[in-house]
Amino acid sequence: MSRPPLAWHRRGPGAASGAEVKREGRMRQWKRWSWAGVVAVVAAGCDEGGTKLSPVDNEPVQQEARLESFPGCEALERHIEDTATKQMRASLEAYKQYVYADDGRGGESPPTTGAPMPQEDNAGGGERPTDYTGTNNQVAGVHEADFVQNDGTRIFVLSGPRLYIHRSWPAEQLTRTAALEVEGWPREMLLDAERNRLVITSAVAEDRPGTTAGGRGGADVPVMDCAGLGCGYASGNTVKVTVVDVADLEAPRVLEQIYLPGGYLSARRVDSAVRLVFSDGFRWPADVRLYPEYSPGLFNDRDRLVAYIDGLIQQNEQRIRAQALEYWLPKGRRVTAEGEVKPLSYDCTSFYRANGPTGLGLVSVLSLNLDASDSSPGRTSVVGQPGEVYASQDSLYVASRHWWWWPEAGQTTHTYLHKFDLSDPGQAAYVGSGTVEGFIINQFAMDEHDGVLRVATTVEVPPQAHPDNEGDTVWTPPETVNRVVTFREEGGHLKALGRSEDLARGERIFSARFMGTRGYVVTFRQVDPLFTFDLSDPANPRKVGELKIPGFSTYIHPLGDTHLLTFGEHRAEDGTWEGRALKLSLFDVSDLANPRETFTHQLGSMSSHSEALHEHKAFTYFPAKGLLALPFTDWDYTAYDYWSGFRSELRVFRVDTATGFSPVGTVSMRDMYQAFNFRNWSWYWQPTVRRSIMADDYVYTISDAGVRVSHVDSLQTPLVTAPFLPPAPSGPWAP
């Protein structure tokens with residue numbers, strides 16, 4: 001029996017949307033001069049005579065970035081078609097360089113893809129716990145979506161195709177009260193406990209003309225299809241939003257359903273205002289082809305290949321220009337509690353384009369006001385590729401990279417920052433844009449304080465090519481530097497106020513955190529420098545301290561104003577995996593100029609893993625008790641079989657800035673995940689420990705297999721377990 005890959009510890013492809021895979025994958029994108037991009041440049045940079053080819057004109061980086069609204073639908077359609085044509089040409093032109101010598105087989109097959117502080121202990125009685133943990137939100141008052149939500153007495157979990165509802169207090173009486181089938185693949189949800197509302201997002205597959213195969217938006221993702229016999233996999237091209245009344249825990253009631261083309265990215269809630277960010281890859285005409293079909297001898301004859309591709313480009317453009325806007329941008333629909341279906345049209349003037357290219361796609365902010373549920377949701381859309389999303393209580397920022405249509409020497413990575421005002425619960429209003437050199441690792445690399453946006457970026461310097469002795473082109477990896485840049489909105493623009501010195505040449509940012517007038521950045525190549533910043537003067541962000549230690553931190557959690565609690569990996573000083581383990585650290589940053597690592601704790605083997613490495617919502621810190629809980633997975637490859645060598649559990653620690661880390665114990669889910677045959681496991685449903693909740697002296701451990709509660713003094717002896725149902729088996733393991 002084969003082992004499930006580490007990637008299965010992420011919740012499907014969308015979750016690889018925050019995250020470790022996303023971070024590593026982006027480092028390999030050809031648009032940023034990684035080796036895949038180097039191959040494209042080497043293949044397409046020159047013709048046989050050495051003359052430089054640039055079949056698609058690149059557009060310069062716009063240092064004064066802005067969004068421009070469309071005057072109407074005609075202009076919107078024309079822009080989509082112009083952009084689609086350019087992207088189509090860039091994809092096909094690259095194939096002109098794939099010419100091979102005849103090997104006697106009548107030609108070669110073309111590539112299959114395009115170039116491209118503790119309190120006293122408390123008994124578990126009373127109507128509510130004295131204190132409890134919620135979602136680990138980046139900004140106080142800005143609630144983030146997750147597949148687990150709770151309010152101290154109720155726990156809601158999305159697992160497989162269902163919403164599971166629990167009465168969770170008193171802890172000894174943990175009870176599942178209801179399960180609600182959710183259409184498609186449930187992704188994340190937001191809880192408004194005051195209004196007894198859950199807002200659930202799911203990916204749904206619907207019949208729709210055209211294909212998104214040519215785009216890079218988040219529209220097509222695998223989803224579970226449980227219609228008929230068992231569950232299978234389908235392609236999700238629709239975001240579904242389901243609003244559920246959970247006042248009655250035994251009878252949840254669906255109030256509203258919204259269907260919109262695209263794929264879910266992220267969501268936030270401030271009071272009654274819910275903002276959902278989703279993306280879409282435009283649906284190309286079905287007969288548009290973005291790569292030449294194989295024909296014997298085609299790739300042995302350059303003239304024939306060029307003529308074929310030129311003809312294909314012309315045919316494709318005719319088909320692109322002939323497609324109506326309603327096919328590029330299908331409309332959505334809204335279903336009321338009574339089942340009445342209402343179309344959701346869009347206003348073309350609510351769509352924006354950037355003055356610099358950001359690729360073909362769509363990023364939209366959907367605004368729902370839970371105090372006005374009878375009104376249609378507001379929608380603001382930007383034509384371009386999605387990026388990182390950050391939200392304060394007043395503003396939402398979307399970051400998108402400059403798009404290079406064709407790889408050429410001298411290209412750099414720049415990111416456009418777009419700010420939206422959230423003062424109206426029913427609408428996100430565009431405010432202004434700015435440009436920052438480099439790329440942003442995740443949402444924690446952005447922060448707004450007193451109207452100033454602080455951004456931590458890694459800047460790549462393009463590599464230089466030189467021929468070796470045999471005449472081949474050899475490329476070196478890009479050089480990198482890191483910096484903090486500040487912005488303030490002035491007259492519809494995000495104006496750069498100041499920037500720090502360049503830091504850690506040859507390294508890149510692994511984590512960042514801003515708190516008040518302080519900032520912290522961790523970079524890594526062989527050692528882990530923690531940089532501290534004084535941000536009290538927005539026009540002069542200053543690096544004031546630096547500490548180098550082996551390994552790196554992927555998440556930084558503040559403990560008051562004087563200490564940091566971090567989680568990441570220990571590595572050997574040469575940066576290799578020898579001696580690798582997961583690592584907890586405590587830093588004393590009371591003196592910014594002299595940060596100190598005061599305590600560390602390593603856990604696991606070289607094969608250990610935790611979802612908290614790349615997903616901050618899996619990191620649970622309970623300040624009322626000074627407790628930390630982390631999902632933990634490890635393998636013993638010397639074990640007799642898979643199950644005896646595999647372990648998935650919750651690790652709990654007591655954290656004290658004066659004494660460091662004290663292991664409290666573990667909660668195992670072994671009996672639960674062993675109860676299901678391996679054929680039930682998939683990237684979609686994985687009964688390993690993924691989340692935790694703490695309330696007073698009790699710890700709730702959560703996986704796709706169910707919820708388990710234990711007393712903190714006896715974690716190994718569960719009090720109650722509420723199991724879930726796995727999806728029906730499918731794929732190669734199905735009977």
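## Exercises on a predicted model

Gly 332 has its place in strand β15, which covers residues 332–336. The model used in these exercises is a predicted one.

**Exercise 1. Decide whether Gly 332 is buried or exposed, and find which residues it touches.**

Step one is to take the relative accessibility of Gly 332, which is 11%, and to set it against the cut-off. Buried means under 20% relative accessible area, so Gly 332, at 11%, counts as buried. Step two is to list the contacts: with residues up to four places away in sequence not counted, Gly 332 touches Tyr 259, Leu 260, Pro 261, Pro 343 and Leu 344. Step three is to compare sequence and space for one pair, Gly 332 and Lys 342, which are ten residues apart in sequence and whose C-alpha atoms are 8.9 Å apart.

**Exercise 2. Describe the chain as a whole: how many helices and strands does it have, and what percentage of its residues count as buried?**

Begin with the secondary structure, which comes to eight helices and 45 strands. Then turn to burial, where 58% of the 735 residues of the chain count as buried. Finally, consider the accessible surface, which comes to about 28,400 Å², with 48% of that area belonging to carbon and sulfur atoms.

**Exercise 3. Work out where Arg 195 lies, and which side chain it joins through a polar contact.**

First place the residue: Arg 195 lies in the loop between β7 (185–192) and β8 (197–204). Next consider its accessibility, which is 19%, so that Arg 195 counts as buried although it is in a loop. The polar contact is then found between the side chains of Arg 195 and Asp 192, at 2.8 Å. Beyond residues up to four places away in sequence, Arg 195 touches Asp 271, Ser 272, Leu 370 and Asp 371.

The loop between β7 and β8 also holds Asn 196, whose phi is near 55°, a positive value in a residue other than glycine. Because its relative accessibility is 22%, Asn 196 counts as partly exposed.

**Exercise 4. Determine which backbone oxygen the side chain of Ser 511 reaches, and where Ser 511 is found.**

Start with the element, strand β30 (residues 508–515), in which Ser 511 is found. At 2% relative accessibility, Ser 511 counts as buried. The side chain of Ser 511 reaches the backbone oxygen of Ser 553 at 2.8 Å. When neighbours within four places in sequence are left aside, the contacts of Ser 511 include Ile 441, Tyr 520, Val 522, Thr 554 and Ile 556.

A further residue to locate is Phe 552, which is found in strand β34 (residues 552–559) and which, at 6% relative accessibility, counts as buried. The C-alpha atoms of Phe 552 and Phe 524 are separated by 6.1 Å, while the two residues are 28 residues apart along the chain.

**Exercise 5. Find which residues Val 56 touches, and how its C-alpha atom lies in relation to that of Lys 86.**

The first step is the position of Val 56, in the loop between α3 (35–44) and β1 (67–69). The second is its accessibility of 1%, so Val 56 counts as buried. The third is the list of contacts, which, not counting residues up to four places away in sequence, consists of Lys 86, Arg 89, Ala 90, Trp 405 and Trp 406. For Lys 86, the last step adds a distance: its C-alpha atom and that of Val 56 are separated by 7.0 Å, with the residues 30 apart along the chain.

**Exercise 6. Characterise the second largest cavity: what is its volume, and which strand supplies the largest share of its lining?**

The volume comes first, with about 80 Å³ of space in the second largest cavity. Its lining has 13 residues, and those nearest its centre are Val 363, Val 382, Val 398, His 418 and Phe 420. At least two lining residues come from each of β18 (362–369), β19 (378–383), β21 (395–401) and β22 (414–421), and the largest share, three residues, comes from β18. Sorted by class, this lining has six nonpolar, seven polar and no charged residues.

**Exercise 7. Identify which peptide bond, leading to Pro 170, is cis.**

The bond runs from Trp 169 to Pro 170, and its omega is near 0°. To place it in the fold, note that Pro 170 lies in the loop between β5 (162–167) and β6 (175–181).

Terms used: Residues numbered from 1 in each chain as written. Predicted model: local features only at pLDDT ≥ 70, side-chain atom pairs only at ≥ 80, totals over all residues. Heavy atoms only, no water. Helix = DSSP H or I, 4+ residues; strand = E, 2+ residues; numbered from the N terminus. Buried < 20%, exposed > 50% of the residue type's maximum accessible area, 1.4 Å probe, protein only. Areas by Shrake-Rupley, 256 points an atom, 1.4 Å probe, with all protein chains shown as cover. 1 Å grid on protein atoms, 1.4 Å probe; cavity = no way out; pocket = protein on both sides within 12 Å on 5 of 7 lines; lining within 4 Å. Points joined across faces, edges and corners; volume = space filled by probe spheres on them. Nonpolar A, V, L, I, M, F, W, Y, C, P; charged D, E, K, R; others polar. Polar contact = N/O pair within 3.5 Å; in protein donor to acceptor, adjacent residues only side chain to side chain. Contact = heavy atoms within 4.5 Å.
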